[in-house]
Amino acid sequence: MVTNGIAHNLFSFKFLSQRAAQAIDVELMSPSGGGFVFEQLVELAGLSVAQAITKEYSKDTHPRIAVFSGPGNNGLDGLVAARHLSHFGYKPKVYYPKRQDKPVNNGLLKQCTELDIPFVDTPESGLQDSDLVVDAIFGFSFSGEVRQPFVSAIEALKATQIPIVSVDIPSAWDVEKGIFRTLKKAERLKETTHELELMPG
Ligand SMILES: NC(=O)C1=CN([C@@H]2O[C@H](COP(=O)(O)OP(=O)(O)OC[C@H]3O[C@@H](n4cnc5c(N)ncnc54)[C@H](OP(=O)(O)O)[C@@H]3O)[C@@H](O)[C@H]2O)[C@@H](O)CC1
């Protein structure tokens, strides 16, 4: 879901607890439940993010998109979104500083590379000359204080004036209490994408 406006819309969202969000994933991937496999869910999540962006931000006005991908599955959603955004005619570039050597990660990296999507070394170079940033750093497994190498990425997101589209939740929010603790920060965020509400089922 992508919404215009900020604070007045935050309270019209339906938020899921961390436990509920994880339970939905388990249910979706259960053979007796949704029967989905992990890769399908990541693909659907990233595609949903890219589609949501096309609805809110035309490639004519916001062609250059920075994607910040984190170390977990939220970051994979970002890589998938980058690929679809490229197919949709946008010009994405990706900041992905902490990579896991797993088949799904490596496959998504390869697909982005083959589309000539640039990978940048710093958050600043990601944001430079970008019209919008996709925040796919942390999702529902984030906890505690932000650790490196993501401190500077979060600071860069706080400082930027371009629209931010967050996957699941704005990164570095306390998953359970963030909306109440960081409402001021949220008011600065332009957009929030809640991928879980876009999932099938
Ligand atoms: N699960 C699924 O099936 C599906 C999930 N999906 C998506 O994945 C998201 C959940 O994925 P996830 O569980 O990998 O968690 P996520 O928030 O991306 O990353 C956690 C990583 O961050 C790190 N980290 C944590 N705290 C930190 C800190 N304070 N400071 C710094 N680092 C910190 C920690 O890494 P570590 O530092 O421990 O190596 C950990 O590995 C979910 O929101 C949705 O978007 C969908 O694609 C559909 C299928």
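The following exchange examines a predicted protein model and its ligand.

Residues are numbered from 1 along each chain as its sequence is written. In this predicted model, local features need pLDDT of at least 70 and side-chain atom pairs count only at pLDDT 80 or more, while totals for chains, interfaces and linings use all residues; side-chain values use heavy atoms, with hydrogens and water left out.

Reader: How many helices and strands are there in the protein?
Author: Helices (H or I, at least four residues) and strands (E, at least two) are DSSP runs, numbered from the N terminus. On this basis the protein has nine helices and six strands.

Reader: What percentage of the residues of the protein count as buried?
Author: Buried means under 20% relative accessible area, exposed means over 50%, and partly exposed lies in between, with a 1.4 Å probe and protein chains only. Of the 201 residues, the buried share is 49%.

Reader: Why does the span of H3 agree with the expected one?
Author: The expected span of a helix is 1.5 Å times one less than its number of residues. H3 has 19 residues and should therefore span 27 Å. The distance between its end C-alpha atoms agrees, at 27 Å.

Reader: Is Ser-48 buried or exposed, and which backbone oxygen lies 2.7 Å from its side chain?
Author: Ser-48 is found in helix H3, residues 38-56. Its relative accessible area is 14%, so Ser-48 is buried. A polar contact is a pair of N or O atoms within 3.5 Å; within protein, one must be able to donate a hydrogen and the other to accept it, and residues adjacent in sequence count only if both atoms are side-chain atoms. A polar atom of the Ser-48 side chain lies 2.7 Å from the backbone oxygen of Leu-44.

Reader: How far apart in space are Val-49 and Val-167?
Author: Val-49 also has its place in helix H3, and its relative accessible area of 0% is why it counts as buried. In sequence, Val-49 and Val-167 are 118 residues apart. Between their C-alpha atoms the distance is 7.1 Å.

Reader: Which element supplies the largest share of the largest nonpolar core?
Author: A nonpolar core is a set of buried Ala, Val, Leu, Ile, Met, Phe, Trp, Tyr and Cys residues joined through side-chain atoms within 4.5 Å. The largest one has 26 residues, and those touching the most other members include Ile-53, Ile-65 and Leu-132. Elements that each supply at least two residues of this core include H3, strand E1 (64-69) and helix H4 (73-87). The largest share, six residues, comes from H4.

Reader: Is Phe-138 buried or exposed, and how far is its C-alpha atom from that of Gly-72?
Author: Phe-138 is placed in the loop between E4 and helix H7 (151-159), and counts as buried because its relative accessibility is 13%. Leaving out residues up to four places away in sequence, Phe-138 touches, among others, Pro-71, Phe-150 and Val-167, where contact means heavy atoms within 4.5 Å. Phe-138 and Gly-72 are 66 residues apart along the chain, and their C-alpha atoms are separated by 7.2 Å.

Reader: What percentage of the ligand's exposed area does the protein bury?
Author: A polar side-chain atom of Asp-168 lies 2.4 Å from an oxygen atom of the ligand, and a polar backbone atom of Gly-139 is 2.7 Å from a ligand oxygen atom. A nitrogen atom of the ligand is 3.1 Å from an N or O atom in the side chain of Asp-25. Taken alone, the ligand exposes 920 Å², with accessible areas from the Shrake-Rupley method with a 1.4 Å probe and, for residues, only the protein chains shown as cover. Of that area, the protein buries 83%.
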